[in-house]
Amino acid sequence: MAFITIMTLNALSFSGLLFLLSAGFSLIFGLMRIPNMAHGAFFLLGGYIGAQAISAGIPFVASMVIAGAGMAAVGFVIERFVLRRLFGHELGQVLAMLGLSLVIATVCLMLWGGMPIQAASPSFATGAVHVGALVFPAYRLFIVAASIVVGVLLWFAIDRTRLGATIRAGVDDSAMAQAVGIRVSALFTTVFCVGAALAGMAGTLAAPLLSVYPGLDVQMLGLAMIVVVVGGVGSLLGSVVGSVAIGFIYTFGQALFTEFAFALLFIVMILVLAVRPQGLFGRLA
Amino acid sequence: MKRLGWMVLLLAMAMPFVVNSNFFLAVGAQMVIAAIFAVSLNVLLGYGGMFSFGHATFYGLAAYIAALALTDLHLSWPLAIILTLVAVPLVAVGFALVALRASGISFVMITLALGQLFWAFSMRSVDLTRGENGIPNVPLPTLEIHGLPSSAGIYFLALGCLAACVLTVQRFGNSSLGTALQGTRDQPRRMAALGYNVKGIQLSSFAFAGFWAAAAGLLHLFQTHYVNPHVFVLEESADTLLMVIVGGVSTLTGPIVGAVLVIFLKSVVSMYFEYWPLISGLTFVAVVTLLPDGVVDGARRLRHVCLDRRSGP
């Protein structure tokens, strides 16, 4: 019983990280129609920036904000100076992002080396929390809480604000949204920056748990893609459900039969694609 | 064009007799193997419009299947090769069946995710694949030719395979299947309305591309006698995509020129600088923004510009 409870928490905290990563990925895909190949690299660079800030003595939450702001700035530059130049040329955009992801990952390797860097967890979330006879690592609870807070904020922003309404309109039909006077190009920049910032914050949040190391970017990118394939593109609910599903399958799979955890992900992806090719909560384009 | 091709082949065949350096021949063999692999990717990309980000899967899988057949199953090497060349195209069809469930740009995403799963499997299932250490000392015959540097054998073998590859891909492009594939690239709906089996056409091309990718993987195994999970990494698929993009999609010669350029650049850069992906990434961005149709087309356009200027008023 204790095993299942602890594993559930582990799975939930991993799902939280996956959600922060895939929500931005899914929104960018929904609006701009490109899978952002550099999303894993944003996660990696955000993780390094956050870990660096933490080791410099900056409080944890502030470090997360710094990493998020840093990645938003990187996202802004990339959107304005690379993606915009290739507007309407989707494959060119995908290839350019693939190239930039290689560049970012290599710059990280040059700056921080090949050894994993583990950030210290924040003082308010170190140690263990006792609930009855069960002991939970406080930091995992913190990740779950943080991702729920961000998730609720995102949902509020997308579902209840004017900006959110314009984003939804852009996802549904960007030509029509433009025709009714929405500045879709400004939306592109906003969503790309928000997505990059979320990836950067997720990287910082992951730094004490997974530590940051070369190769983490592609691993996380692959998982985020599976989440989006399962959950559906452009849907926040899809990201939530996809992240929880993949987080649980991955965590329990790793614990119960290490060798076949990935085969299990593969099977889930095939099943979803067979039944609903657009993903559980996606709409047909 | 055809005459030029034969001339290049003859020149390439003369190389081992002129260049008496094993290092250069080894790099040459790498170029030729990469060219076969890039041409096979271009079957999907150029003719089929299917941007697969997981093409290294077939290359890596071929090396693994052959290596395991030789070490664990103790098959003789001709049998292991036949097994690989049959198995990999079948896997390619399965891969395509999954990836083609999604249309358009989502296809890119699924091919990448599938490629990652193969990488993860090769890393994790230590009992079967030996994990990160890979499989060393694969018992394949060494192809040494008396009186020539030791890499000359693999170089000639690869060159022969490349010639066969180019000829079959050319035939494929002109065959009814190849033209139908180009039709599904440009007008999938119309092709379906005309009664063509779009899915079937795409699956057959995956099998064909998988076959030549497998051949490239086998040649890699012949050259190194070693395979590890690195063959599956995204950087490998990205390098090959780069070759095709640099050379130019939808030309037969583009990927070969791209492969030679990329491997040359990679070998030169690696001598002075250990961070090759930085250069390849920047090249990606530069080619996509400045030369969207590749160097072959870029050179052709440049020549036209020069000719126009000369014959201008």
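This is a short chat about a predicted model, covering the contact between its chains and one serine.

Visitor: Where do I start with the contact between chain B and chain A, and how many residues does each give?

Guide: Start with the head count: chain A puts in 43 residues and chain B 38. Then look at area. The two chains bury about 3700 Å² between them, with 83% of that on carbon and sulfur atoms. On the chain B side, B:I105, B:M109 and B:R124 lose the most area to chain A, together 19% of what that side buries.

Visitor: Which elements of chain B give two or more residues to the side that touches chain A?

Guide: They are α5 (106-124), α6 (126-129), α11 (234-247) and α13 (276-290). Of these, α5(B) gives the most, with 13 residues. Sort that side of chain B by class and you get 28 nonpolar, six polar and four charged residues.

Visitor: And how many salt bridges and polar contacts are there between chain B and chain A?

Guide: The salt bridge count is zero. For polar contacts, there are two residue pairs, both at pLDDT 80 or more.

Visitor: Let's switch to A:S13. Is that serine buried or exposed?

Guide: The general cut-off for buried is under 20% relative accessible area. A:S13 has 0% relative accessibility, so it counts as buried. You'll find A:S13 in helix α1 (residues 2-32) of chain A.

Visitor: What is A:S13 in contact with, leaving aside neighbours within four places in sequence?

Guide: Look at A:R140, A:I143 and A:V144; A:S13 is in contact with these three.

Notes. Residues are numbered from 1 along each chain as its sequence is written. Chains are lettered from A and ligands numbered from 1 in the order in which they are written. This is a predicted model: local features need pLDDT of at least 70, side-chain atom pairs count only at pLDDT 80 or more; totals for chains, interfaces and linings use all residues. Side-chain values use heavy atoms; hydrogens and water are left out. Contact means heavy atoms within 4.5 Å. Buried area is the accessible area (1.4 Å probe) that two parts lose on being put together, summed over both. A salt bridge is a side-chain nitrogen of Lys or Arg within 4 Å of a carboxyl oxygen of Asp or Glu. A polar contact is a pair of N or O atoms within 3.5 Å; within protein, one must be able to donate a hydrogen and the other to accept it, and residues adjacent in sequence count only if both atoms are side-chain atoms. Helices (H or I, at least four residues) and strands (E, at least two) are DSSP runs, numbered from the N terminus. Ala, Val, Leu, Ile, Met, Phe, Trp, Tyr, Cys and Pro count as nonpolar, Asp, Glu, Lys and Arg as charged, and the others, Gly among them, as polar. Buried means under 20% relative accessible area, exposed over 50%, partly exposed in between (1.4 Å probe, protein chains only).
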